Amino acid sequence: AARGCGGVGVWRRAWQRRPGLAVPCRGQQAAACNARGGAVPAGKSGLAPWVPVVGLEIHAQISSNSKLFSGSQVQFAAPPNSLVSFFDASLPGTLPVLNRRCVEAAVMTGLALNCSINKKSLFDRKHYFYADLPAGYQITQQRVPIAVNGSLSYSLRIDDKMRQMVTKTVRIKQIQLEQDSGKSLHDDKRSQTLVDLNRAGVGLMEVVMEPDMCCGEEATAAVRELQLILQTLGSSQAVMAEGQLRVDANVSVHHPGEPYGVRTEVKNINSLRFLAKAVDYEIQRQIEELESGGTILNETRAFDSRLGCTIPMRDKEGKQDYRFMPEPNLPPLILYDAKSLPSNVNHQQVVNIDWIHQRLPDLPSVKRAKLVEQYGILPEHSLTLLNEDGLTEFFENVIKQTQMKPKKVIGWIIKDLLSYLKQHSIAVKESPVSSFLLADLLNLLENREISPTAAKQVLAELWKGEGKTPLEIVKEKKLELVNDQKELEEICQTVIDGHENE
Amino acid sequence: LFQVSAALRAGRVTATELCQRCLSLIKSTGFLNAYISVAEQAALRQAEESEKRYSRGQPLGVLDGIPVAVKDNFNTAGIETTCASNMLKGYISPYNATVVQKLLDQGAVLLGKTNLDEFAMGSGSTDGVFGPVRNPWSYSRQYKEKSAPESRSEDRESNWVITGGSSGGSAAAVSSFTCFAALGSDTGGSTRNPAAHCGVVGLKPTYGLISRHGLIPLVNSMDVPGILTRCVDDAAVVLGSLAGHDPKDSTTIQDNFKPFELPNLTDVSKFTIGVPKEYHAPGLSSEILALWSKAADLFKNAGAKVVEVSLPHTRYSIVCYHVLCTAEVASNMARFDGLEYGHRSDMNESTESMYAATRREGFNDVVRGRILSGNYFLLKQNYENYFVKAQKVRRLIVNDFVKVFGSGVDILLTPTTLSDAVPYMEFIKADNRTRSAQDDILTQAVNMAGLPAINVPTALSERGLPVGLQFIGRSFQEKQLLTVAKWFEKQVQFPMIELEEVKKHDQGIFQHQKSAASS
């Protein structure tokens, strides 16, 4: 089975010690761990190579109107403590009531990730004291989660130059339903902590990915693909900036052939960029620590985005005993499929796995394949199209409005349009150049009314967003292609004449 | 209740009069310490509303205008809910427990909240921060008569007996006629035990029949709201108004519940009564043993089939309960951190120190002891050996009942308590844990199995104190259970308490209650 870096005929690239690196927090350049292939060379200092191992625990906020166990609303950036029901505040005597929509979201996600859905799953209490956990415990699924044993495939570019893609797979250990906690804001100046419980009790799907990845790039690609899947399903909006998708990375290193090393957990990474940096930094840190004779502590660390490094978390009291106990107020969660569905039951009361399966939308991988087939573009192109919010739609809109072949259009989309958007950090939907305008421009090019060079010039003008059409710009700048033989001869003659003296 | 309800409808008494009499009786029986809070203004307002409905000829039901009391571990909006703990002193809940709401929706008049052991942990109603509850029978003519002459001359302060617990306040309130029905809770016997000691009917319904939403939990998997009344018919009425699925409580069953009226059974020959031999527990007083025997004979002579049965795992229920109860307590009490509600310590060096101080100040020794034990049992290294083992033993206990009920037995007949109520001074000589372990033995296994059970006051002991017997039924077969209990109640004709204060307030309305038991 394709697993991590070791599968699909690509060598796992071992990490080499970087000589002379004493300062821990300098920017680390992550060597693509699926680069080139071939035998793994020993390090410069002659030490044995290292194999990094990365596993992920991803918390995705379920996209639902109300919370997992209570009726209060789910909303980002509402006034503090305005979305808190009695149950969320842990008022004594309140009881959890399971939200059906959250169960459906988890089943959808499990099916999309090729998991076995457990027809019977259980809820447990995980105890610890913290200001943002009003009940003193979190309701989660520790014993029997709702879905297990799935897989996620994602693609990576092996090498920018070679433009080759490789597909990798990471095993999904399980998906469990659990409550989100509230938010604590530490006000050190006034020695106080402010607690906002709006988020307390929001439904989460925790997706556990086995340690099949080996570097920041793989981790990022896997998370990105998961994000796309969740957004396609609608089970989570998965916007990391809004805290709807948070990643904890488990990192360890070991020598080939030896058992896995002690792992550290880097918690609460909330952007893809930081994920890559954090993972790669941590791998490097562990390697350096071990090579200088130190040991790795099984600890929890946080990623400091300013410094670009991981630091041990404040309350590092060693291993916590969460005193797991079954949640007595929630009976086992029973799901049905077409075969097991009892006949006399109210459809509102049950969740039917087969029914959900039949209604799954096309997953990103399917969409990408369809784009490749339909438009004859490269797989790598379809990856980019889907990776950018709204880009596929933009592309298809342009296609509809132009005679230019998709194979050519794609270049303009990816090279010109996208690079401009990236340069100015704007989203597709904010693009000053609409699909209509671009199609217009491409038509001019296709009809040989302008040259490719001229087209690029026109595009540069269009970015200014002054409302001019491509044709207007062409006329303005006199960029029309001259096709008339006689006219061309005249121009050449003029030029030659002008330079007669040279 | 039917009689009172009829009187209200006929206008022979008004809801306000009823309410006022109860309130005044509460005041004159204040020495019982049965009530923590009395909601006088609110109650009178409710009575007024009820009166209006009666005058329009539109009462909401049998409970309309009936004064009731509720144990102080049920949430009541606007009335303090303390659980007899410093942790919740002054806590005013923003919502009503479902059962409280149902009573109010039926027009019942909520007089106040009754006293209990702190957080319902105890079997004496002696360990709450508002002090112990006194058994009204301590002051009855029947008890005083039987007391030794020397002690009679002593002041009433030293000789009084406990109510049993933990719903002692509710039992005392019903027993002393300050209300017509009261809610308690039952986790290990906390409704049946005080019912037996106070000479009232104490019903523990099947787990899942009545909503626990708003009942501050002790052991979520065993707690049920309990019903305390002066006769079995009344218990059926209250049950009818409370039972049924609650979407807010996922452990209530979905099936539709139909309230029922109890038939006046005359022929018990169709019933098989089981007498479990293990309930002849060590420490069972000879008096109660004899009474139990007499009861069994009563059924036999009336034509019922009476068989000895065995529930072999009964003796493990206390140890099993200890593990499961403390584990759940440790979990349920974790929310009391002083942050959102309740007591918060002034200690503010750090969040952790605030938690520790708050919980030390807020909880009594009993609660803290159980939290510590519970956390110990839940530790990763102990979980299998204690918690999981206890769950397995629980399964065995449940299976004992399943087997017996599956073999043709309809109802089990057992004692409720090991003896009649002991004097307070003697009770407190042993600690809470010891007492609970001893006193729960006859009632606890029922909670393990989630079965319905009822205490029916049977006779007075040699000391002039009430002794009750327990009937245990099949899951969700409350109607059958109460029917048999009602028949038994009629046979034994348990005497009414002769309490001076009650006599003073008794202006006919309580006569109706007297006759109810004997009709």
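The following questions and answers concern a sheet in chain A and the interface of chain A and chain B in a predicted model. Local features need pLDDT of at least 70, side-chain atom pairs count only at pLDDT 80 or more, and totals for chains, interfaces and linings use all residues. Residues are numbered from 1 along each chain as its sequence is written, chains are lettered from A in the order in which they are written, and side-chain values use heavy atoms, without hydrogens and water.

User: Which strands stand at the edges of the open sheet in chain A, and why is one side of each left without a neighbour?

Analyst: Strands are DSSP runs of E with at least two residues, numbered from the N terminus, and two of them pair if DSSP finds at least two bridges between them. The antiparallel sheet of chain A has the order β5-β4-β15. Each edge strand has a single partner, so one side lacks a neighbour in the sheet; these strands are β5 (137–140) and β15 (325–326) of chain A.

User: Which residue in β5(A) does A:D124 stand opposite?

Analyst: Strand β4 of chain A covers residues 124–127 and pairs with β5(A) in the antiparallel sense over four bridges. Opposite A:D124 stands A:T140.

User: What area is buried between chain A and chain B?

Analyst: Buried area is the accessible area (1.4 Å probe) that two parts lose on being put together, summed over both. Carbon and sulfur atoms give 57% of the total, which is about 2,800 Å².

User: Which three residues supply 22% of the area that chain A buries against chain B?

Analyst: The contact (heavy atoms within 4.5 Å) takes 30 residues from chain A and 40 residues from chain B. The trio that supplies more of chain A's buried area than any other three residues is A:P92, A:L95 and A:F129.
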